[in-house]
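Welcome, and please open your viewer before reading on. We will go from stop to stop, with something to select at each one.

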Amino acid sequence: MGDYVVRCAGCMSKLPLHALTCPLDGSLPRAEYSSVQLKPRALPGIWKFHDWLPVTGIIEGAGEGSVTYKSTGLAAALDLDNLYISFSGYWPERNARMRTCSFKGLEAPPTMQRKREMDDKSTMVVASAGNTARAFAEVASITGQKLVLVVPESAISRLWVTVEPGPVIVVGVDGDYYQAIEIADRLTSCPGYLPEGGARNIARRDGMGTVMLQAALAMRCLPHHYFQAVGSGTGGISAWEAAMRLVGDGRFGRNLPRLHLAQNLPNAPIYYAWTGKEPGPVSQVMYDDVLFNRRPPYSVAGGVKDALEATDGRVYGVTDWEAAMAKALYEESEGIDILNAPAVAIAALVQAVESRLVSKDDIILLNITGGGVARLKEEMDIVALKCDIVVSDPEELMNFMEGRA
Ligand SMILES: *Cc1c(COP(=O)(O)O)cnc(C)c1O
């Protein structure tokens, strides 16, 4: 189970199992699993894909997976015959029970399980614009693992759990996501703290890759097109890697799906890098700030650029207005509330249909990366996490942590 080696995506040299970077060329590490075929196990949620996750055990009570269904509502509105939707969130009528309501809930359980298996007593540190922090808080509360979350103060309202809160410290940052990352980096440079690694962590990527695995099982083939809203682009890399494994399996088709990645203008570095367009000035307000990462893993080997090149991909720039229209269209035609980020992916699909980049009978997978928060609140009590301290620079956080130790 979960038998694998880790290789550098650039030079292919074998790396230590827990490497976050190749010491030779700085490229992304990638898991190479000994199982070549996908054999779903009789385990709950994402653990079903155990052979292609870098863990040996599972976390009971965590790890709900995405669901895939064939769209009728949105498909009719866009005149598409084979539109499939991957939904990560809470929508019990469709059997979607991810209580943290975003696909970050696919990354956190394998990452925390892997940490348990490392037998490492250090505290996990996660910098996040909100959704990742919520997903990790839920898992840490279930397992009792220590966790420090570093989030912009404006995102604290996104932090809640549906279980008894565990040993989680919440640090609000008087600044944006980028400043939260810098402050978290300072903390993880100290002994006793472990960075979760973001896109460099194979457990995060392969957890997200279960979206493609789950969809391929439901559709019985790989899609022609994959649409997703991206900030760091980690989900795009994960979809590409999962698709390569499915091609290797041999039963799901021979062609990699084309990646269609969507960013919210004007804070869209991946869009500007890929299209070569001149970046506009950064905007302080965004339709969805979870989609802004100033340092996406773009040109690193095994990163976003490689994923786009390998799949003959496209990157879309979406305005706030297009995203708002797309969100309304989806919610009306499909009947569930969604987060703002996936609306950006829907708007990209609308653009692709209008410019005939996809055809009516193409098999399309649209990743609705988060939704069902309103639906969840109808039937579950959520516990808001309170902020333990607000800091504006790394030293303030270091003093606070020393005071607690
Ligand atoms: C994080 C996030 C994204 C973007 O994910 P990437 O890491 O850039 O692939 C999209 N949608 C939601 C809801 C998210 O939380």
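**First stop: the N-terminal strands.** Select residues 14-15, which are strand 2: two bridges tie this strand to strand 1, and the two run antiparallel. Keep in mind throughout that you are looking at a predicted model. Now pick V6 and look across to strand 2, where L15 stands opposite. Strands 1 and 2 make a hairpin with five residues between them. In that turn, click on M12, whose phi is positive, at about 65°.

Next, show the side chains of strand 1, residues 4-8. Which of them point to the buried face? Y4, V6 and C8 do, and they are buried; V5 and R7 point to the other face and are not buried. This fits a general pattern: in a regular strand, side chains alternate between the two faces of the sheet.

Strand 1 has another partner to visit. Add residues 29-33, strand 3, which runs antiparallel to strand 1 and is joined to it by five bridges. To find one of these pairings, select R7 and then R30, its bridge partner in strand 3.

**Second stop: the parallel sheet.** What is the strand order in the open sheet of five strands? Reading across, it is 11-7-8-10-17, with parallel pairing. Colour residues 193-195 (strand 11) and 389-391 (strand 17) to mark the edges, since each of these strands pairs on one side only. Turn the view to follow the twist, which averages 30° from one strand to the next.

Now select helix 3, residues 131-143, which packs on this sheet. The helix touches strand 7 (123-127), strand 8 (147-152) and strand 10. Its direction makes about 160° with that of strand 8.

Move on to residues 168-173, strand 10, which is joined to strand 17 by three bridges, the two running parallel. Here G172 stands opposite V390 in strand 17.

**Last stop: the ligand.** Show the 17 residues around the ligand; those that come nearest are K104, G231, G233, G235 and T369. Then check three polar neighbours, each beside an oxygen atom of the ligand:

- N131: a polar side-chain atom lies 2.8 Å from a ligand oxygen.
- G231: a backbone N or O atom lies 2.7 Å from a ligand oxygen.
- G233: a polar backbone atom is 2.8 Å from a ligand oxygen.

Finally, switch on a surface. How much of the ligand does the protein bury? Taken alone, the ligand exposes 390 Å², and the protein buries 96% of that.

Note on methods. Residues numbered from 1 in each chain as written. Predicted model: local features only at pLDDT ≥ 70, side-chain atom pairs only at ≥ 80, totals over all residues. Heavy atoms only, no water. Pairing = 2+ DSSP bridges. Helix = DSSP H or I, 4+ residues; strand = E, 2+ residues; numbered from the N terminus. Axes fitted to C-alpha atoms, helices over the stretch in contact; angles between N-to-C directions. Contact = heavy atoms within 4.5 Å. Near = heavy atom within 4 Å. Polar contact = N/O pair within 3.5 Å; in protein donor to acceptor, adjacent residues only side chain to side chain. Areas by Shrake-Rupley, 256 points an atom, 1.4 Å probe, with all protein chains shown as cover. Buried < 20%, exposed > 50% of the residue type's maximum accessible area, 1.4 Å probe, protein only.
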